[in-house]
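Trainee: I am new to this structure and would like to learn how to read its features one by one. Could we go through them together, with the general idea before each case?

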Amino acid sequence: MVNQRLKLNESGDESNDSGILNERILLLVLQSINWDPHVLCLMACVSRKLCAVAKRVLWRELCVSRAPRMIAGLVNGAPANGRFGGGWDSLAKVLFFCCGCEPSRHFRVDRVSRGHFAKASRFSKTSGQSFLTKKCQGDVLYISDPCEHTVGEGNEDDLGVYRGVFKGFVKSRTRACLIRRQVELEQRIRCPYCGARVWSMTNAKLIPKSASRRLGSHDGRLEYFVCVNGHLHGTCWLVRLSSDEEDGGAHIEIEDSEDDDDVRLRSISGRASSSGEEIGDGLICL
């Protein structure tokens, strides 16, 4: 029935706004399931018209509904009804999708780690300050906790993959510093969230030691990139805790979950997504 309805809509008048292409109906349906990103990804893959509706309205509403404080901080409290750098679909992907890891010039891994829906994510602009040098401390950066990937037996550390987004990147001190230093954009690597070109912060020498401490990694064992739209993605080697440290839990300082700067997300309403690692990069049609 759904396929028949879609064929009727696609073959009919372009101004037809009834049925499954009605934005108000779609908003109500997605609101009833707490803006499940899996459903919206699948919906956007059904037809070009649904994909256009998703990009125009639905991804923005998902971001605002699932991370209201973070979005308010990114748009400076203004109504989130305009465009966002890289698109709202790209920002939604930052919120819910771990991009995995591929080897780069400054970060070597034996095998590629595929991207997947994150079972749960926590973003914090307090943590983001640890990724900014002193000259860039006026910027606002929301950063996620690292998603842990087990590399395999024989490796002492786990692989950590993290992501983030700048507020107002075009006017940021970080961008100004990159341009002033004439840092070249990477030729091979692209942003996994919007497809734009990226700067290596390792090449730019803009990775402070506080970033390693925040991630729980040894100094120099991390790398991250920032794209021209202000999306950040990076990798690090996480120091594996001993059994005593895992039991005690006092060795690692965790920020209070009531902090206004923290945003906690789950990819499915009320529970973590099942078998998130099996959801490949191709499912997110952004």
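**Reading a predicted model**

Mentor: Let us begin with burial, where buried means under 20% relative accessible area, exposed over 50% and partly exposed in between, with a 1.4 Å probe and protein chains only; C41 has 2% relative accessibility, so C41 counts as buried. This is a predicted model, in which local features need pLDDT of at least 70, side-chain atom pairs count only at pLDDT 80 or more, and totals for chains, interfaces and linings use all residues. Residues are numbered from 1 along each chain as its sequence is written, and side-chain values use heavy atoms, with hydrogens and water left out.

Trainee: How many disulfides does the rule give, and where does C41 stand with respect to them?

Mentor: In general, a disulfide is a covalent bond between the sulfur atoms of two cysteines. The rule used here asks for a pair of cysteine sulfur atoms within 2.5 Å, and by this rule the count is 0 disulfides. C41 is in no disulfide, and the nearest cysteine sulfur, which belongs to C45, is 7.0 Å away. C191 is likewise in no disulfide, the nearest cysteine sulfur being that of C194 at 3.7 Å. With a relative accessible area of 4%, C191 is buried.

Trainee: What is the mean pLDDT of the protein chain, and how should I read it?

Mentor: The pLDDT is the predictor's confidence in each residue, from 0 to 100. For the protein chain the mean is 79, and 73% of its residues reach 70 or more. Over residues 1-16 the pLDDT is below 50, and this stretch has 14 contacts in the model beyond near neighbours in sequence, where contact means heavy atoms within 4.5 Å. Over residues 243-261 the pLDDT also stays under 50, and there the model has 21 contacts beyond four places in sequence.

Trainee: How many helices and strands are there in the protein chain?

Mentor: Helices (H or I, at least four residues) and strands (E, at least two) are DSSP runs, numbered from the N terminus. The protein chain has 10 helices and 10 strands, and buried residues make up 47% of its 286 residues. Among its contacts between residues at least 6 apart in sequence, 64% join residues at least 24 apart.

Trainee: Which residues of helix α6 are buried?

Mentor: Helix α6, residues 88-96, is mostly covered, with 9 of its 9 residues buried. These are W88, D89, S90, L91, A92, K93, V94, L95 and F96. Take S90, which lies in this helix and counts as buried at 4% relative accessibility. A polar contact is a pair of N or O atoms within 3.5 Å; within protein, one must be able to donate a hydrogen and the other to accept it, and residues adjacent in sequence count only if both atoms are side-chain atoms. The side chain of S90 reaches the backbone oxygen of G86 at 2.8 Å. Leaving aside neighbours within four places in sequence, S90 is in contact with Y193, C194 and H231.

Trainee: Which residue caps the N-terminal end of helix α2?

Mentor: That residue is N22, which has a side-chain oxygen 2.9 Å from the backbone nitrogen of R24, while helix α2 itself covers residues 23-32. Just after α2, N34 takes a positive phi of about 55°.

Trainee: Why is strand β3 described as largely enclosed by the rest of the structure, and which strand is joined to β3?

Mentor: Strand β3 covers residues 120-124, and 4 of these 5 residues are buried, so the strand is largely enclosed by the rest of the structure. Two strands pair if DSSP finds at least two bridges between them. Here 2 bridges join β3 to strand β4, residues 141-144, and the two run antiparallel, with S124 standing opposite I143 in β4. Strand β4 is covered on both faces, since L141 and I143 on one side and Y142 and S144 on the other are all buried. A further 3 bridges join β4 to strand β6, residues 158-166, also antiparallel, and I143 stands opposite G164 in β6.

Trainee: Is H149 buried or exposed, and what is H149 in contact with?

Mentor: H149 lies in strand β5, residues 147-149, and is buried, with a relative accessible area of 11%. Leaving aside neighbours within four places in sequence, H149 is in contact with C98, S113, R114, H116, D158, L159 and V161.
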